[in-house]
Amino acid sequence: MKFAVQVSLTLTASLILWPALSMAQVQPKNDACEPIGRILKTNQQNLVGKLLCNGDQIVSQIKGGMVLCYFSGSEQPCQPKKQTRNSRKKCPLSSRSFCKRIKGGQGSGETPRIITPYGRWLLETRPSFTWLAVPGATKYQLEVADQEKGLWSITTTSTSAAYPTEQAPLSSENHYKVSVVAYRNDVPIVADSSIFRLLDSAKTRRLQQTIQLIRRLNLDPDQEAYLDLNAAYLDEGLLNQSIKALRDRVQSGSNHPEIFRVLAERYIDAKLLSEARKQYLKAKQLAKAQGNQIALKKATEGLQALDRYQSQLPERKNEAQ
């Protein structure tokens, strides 16, 4: 079974390694700091862990520096000028999905649209799968295939399935396609599919090293999740891990509005717009209650952008083949 492979995710963060140049000249911060990155490693220990704010200057002074850059819609991203992408200036919000029109949109709710795994890149070799229920469907068939053939399939009346223990784990050497077909009795009615692959070993090691550096900083758990872990995971296209880190904070009882706002943006990247709306509304509620005007402004702008975005999306219906 051969299938076309298009694995892509517009990154919203970047890990910059500057072996012999560039670190930030940290300016005095104020409460309105717009974070654009964090210094994870440098010979100057007093700078390790420092946030970079919009307006900080990039200078070539410190060797062996490592900066984790967050996405910034500002005119001065956390990169040397020669590496700046002009396209970043065109996106007003952190979710890149706002800045492109996705073919097919969110669908009509009549397809078994695959929800998890989120995104196109995974760390798990045995991921679980979930999809939306189809009205009138009596069963679903889930199939996982590589570029050449179908590897395994199961039939279930549920809208979720665990990776079978008797099947070989996924390999980073292959691309995979997961398909879900909804049946009414024994007649296929609609279907959905998604393509994904595992992160290779080199990128996995790099990510692990970055996470270790972040953990050593003993940051506030909420800030660590919505700024640093979110950026580190998205740098490798790992939407699944970013959402998990944010949801873990929600489940732990976080009431930080930025957790919910950033989670909303990640749900938009996963094309779960109704879930994104819920998180934006929660972010607004918390920001109002806490008197956090900056977070309130961001959540309000995000919700408004979501309204505009949804109004432009076409409807889609995938018939089972």
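Strand β10 (residues 139–145) pairs with strand β13 (residues 175–184) in the antiparallel sense over seven bridges, where strands are DSSP runs (E, at least two residues) numbered from the N terminus and two strands pair if DSSP finds at least two bridges between them. Within this pairing, Y140 stands opposite A182 in β13. The model is predicted, so that local features need pLDDT of at least 70 and side-chain atom pairs count only at pLDDT 80 or more, whereas totals for chains, interfaces and linings use all residues. Residues are numbered from 1 along each chain as its sequence is written, and side-chain values use heavy atoms, with hydrogens and water left out.

Both strands belong to an open sheet of five strands with mixed pairing, in the order β8-β14-β13-β10-β11. At its edges stand β8 (121–122) and β11 (150–156), each with a single partner strand, so one side of each is left without a neighbour in the sheet. Three strands form an open antiparallel sheet in the order β7-β9-β12; here strand β9 (residues 129–131) is joined to β12 by two bridges, and T130 has S160 as its bridge partner in β12.

The largest nonpolar core, a set of buried Ala, Val, Leu, Ile, Met, Phe, Trp, Tyr and Cys residues joined through side-chain atoms within 4.5 Å, has 46 residues, and those with the most contacts inside it are Y118, I214 and L306; buried means under 20% relative accessible area (1.4 Å probe, protein chains only). The largest share of this core, eight residues, comes from α2, helices being DSSP runs (H or I) of at least four residues. A second, separate core of 20 residues includes F129, W152, A161 and Y176.

Technical notes: Buried means under 20% relative accessible area, exposed over 50%, partly exposed in between (1.4 Å probe, protein chains only).
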